Amino acid sequence: MQLINTFDFSRAILHIDGDSFFVLCEVAKNPKLRGKPVITGMERGIVSAFSYEAKARGVKRAMRISEVKKICPDAIFLPSDYETYSLFSLRMYDIVRKYTPDVEEYSIDECFADLTGLRRPLGMSYENMAAKIKKDLDSELGITFSVGLAPTKVLAKIGSKHKKPSGLTIIRGRDIDQYLNETPVSEVWGIGSQTSSFLHKFGIRSALQYAQKEERWVREKLTKPHFQIWQELRGESVYKIETSKKNDYKSISKTKTFTPASSNKEFVFSQLSKNVENACIKLRRYNLSVKKIFFFLKTQDFQYCGVEVKMSDATNTPNSILNIIDSHFEKIFDSSKLFRATGIILSDLSISQARQLDLFGKMEQEENFSKIFKKIDEISKKYGKHSVFLGTSFLAMNKKQHQSERGVQSERKLNLFNGETTRKKLYLPMLGEVR
Ligand SMILES: [Mg+2]
């Protein structure tokens, strides 16, 4: 039953998805890990990503590390190394851009690309282009990707999911029905659990049953985005490739190791404070604010302890964040241990909004902080990063990061507390001094 697109490729859209990306990046970095049950996310104490070998042993996402040890005692746990993963990610986009400028950086391990119109200039079929791009990615990065080629983004997504790992699935116009028939409607990109339960009530279980519904029914019963998904499933391309560089980071992380390891509470906190300042500089550069914060301390013997905190309001100023994490730091810091690194991961990021004033002046205060940091960013542009920094970062700024290096502190750097180093005089005095 041919219902939909009669052309094989009215458009040729590619979706590329890294196979258990974080773990394969780790394996590419250290080939000795190949074929082993490898798990990342050690710093959180829960599984973040895992290898296919770990999957075969029953390991699941978000499982506690202690549970994993029971079912898979030989599992290898690694801390997440976002710097490395984002480097692999940038190389992935660059390889695809050798073929087409129309690349959408969808997430750290996924991208879309529009190949439409390139058959003649590249002298090959769309199928061969897809195979060639996959081959380049796999061989140049040393990790595997699953690829879908189809006339629309929604169909290309179904394609890349169809066969994992290392699959190449081509959905031509004439194949659409068959693939949709095999795909549960709940697995279609953009259809959430509420919409699929709603569709189930009308006996719609497969993506094909959804695509076969009359246009009027879809328009009346569902929202516009769902109508667009319906069009895309039928092979009509309505979602464009967003080629503008993504500045909506999924997360921002800053980690710094220091030597020698330290059990000095003020010093370890100052390292964390410096990471928070750096992460916030990046947030503000992209006009973003954060709601979810995860910070951790790493001990000399590579043990991690960390806490996740949610902010009641999105922020991009380091003092608001430090204010919140201070009490959690107190709880996890143990002066009988030596620490060698601190780190912070900011997630749940959104574009910074102009704030409404609230009754209690809390927002007004945050607004004032925002203004101050805008000025600090201007000063840093002129005189260099960390020309002005928080008192809480003083010890970290003033001391060498590693024994063998020079410190970053120089004469013209201005510490907002004039060298005041106690953590208890943290944040608010700053407002008084700067105003
Ligand atoms: Mg993936």
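## The E5–E6 hairpin

Strand E5 (103-107) is mostly covered, with 4 of its 5 residues buried; buried here means under 20% relative accessible area, exposed over 50%, and partly exposed in between (1.4 Å probe, protein chains only). Helices (H or I, at least four residues) and strands (E, at least two) are DSSP runs, numbered from the N terminus. E5 runs antiparallel to E6, and 4 bridges join them; strands count as paired if DSSP finds at least two bridges between them. One partnership to look up is that of Val-103 with Ala-113 in E6. The two strands form a hairpin, with 2 residues between them.

A word on the model before going on. This is a predicted model, in which local features need pLDDT of at least 70 and side-chain atom pairs count only at pLDDT 80 or more, while totals for chains, interfaces and linings use all residues. Residues are numbered from 1 along each chain as its sequence is written, and side-chain values use heavy atoms, with hydrogens and water left out.

## The magnesium site

The loop between E5 and E6 leads us to the metal. Asp-17 (OD), Gly-18 (O) and Asp-109 (OD) are the protein donors of the magnesium ion, at 2.2 to 2.4 Å from it. Donors are N, O and S atoms within 2.8 Å of the metal (3.2 Å for Na, K and Ca), and sites may look incomplete because water is not among the atoms. Along the chain, the donors follow the spacing D-G-x90-D. Asp-17 lies in strand E1 (residues 13-18) and Asp-109 in the loop between E5 and strand E6 (110-114), so this pair ties together parts that are 92 residues apart in sequence.

Are these two aspartates buried or exposed? Asp-17 is buried, with a relative accessible area of 13%, and Asp-109 also counts as buried, at 15%. Asp-17 has a further role in the picture: it is linked with Asp-19 and Lys-164 in a network of salt bridges.

## Salt bridges

A salt bridge is a side-chain nitrogen of Lys or Arg within 4 Å of a carboxyl oxygen of Asp or Glu. By this rule the count comes to 21. In helix H11 (215-221), Glu-220 and Arg-216 form one of them, at 3.5 Å from N to O. The two residues are 4 apart in H11, which separates them by about one helical turn, and both are exposed.

Helix H15 (residues 362-383) offers another pair, Glu-378 and Lys-375, set 3 residues apart, about one turn of the helix. Their closest N and O atoms are 3.5 Å apart. Glu-378 is partly exposed at 46% relative accessible area, whereas Lys-375 counts as exposed at 52%.

What does the salt bridge between Glu-330 and Lys-265 tie together? The N to O distance of this bridge is 2.8 Å. Glu-330 lies in helix H14 (residues 318-332) and Lys-265 in helix H13 (residues 265-285), so the pair ties together parts that are 65 residues apart in sequence. Glu-330 is partly exposed at 30%, and Lys-265 is partly exposed at 28%.

## The four-stranded sheet and H14

Next comes an open sheet of 4 strands, in the order E9-E12-E10-E11, with antiparallel pairing. Strand E9 (251-262) and strand E11 (304-315) stand at the edges with a single partner strand each, so one side of each is left without a neighbour in the sheet. From one strand to the next, the twist averages 15°.

Strand E10 (residues 288-299) and strand E12 (residues 339-351) pair over 11 bridges in the antiparallel sense, and Phe-295 stands opposite Ile-344 in E12. H14 packs on the sheet, touching E10, E11 and E12, and its direction makes about 155° with that of E11. Contact means heavy atoms within 4.5 Å; axes are lines fitted to C-alpha atoms, for helices over the stretch in contact, and angles run from 0 to 180 degrees between N-to-C directions.

## Helix H9 and its two sides

Which residues of helix H9 (residues 193-201) are buried? They are Thr-195, Ser-196 and Leu-199. These residues cover an arc of only 95° around the axis, which puts them on the same side of H9; the arc is that of the directions from the helix axis to the C-beta atoms. On the other side of H9, Ser-193, Gln-194 and Lys-201 are exposed.

The buried residues of H9 pack against helices H10 (207-211), H11 (215-221) and H12 (224-233). After H9 comes Gly-203, with a positive phi near 75°.
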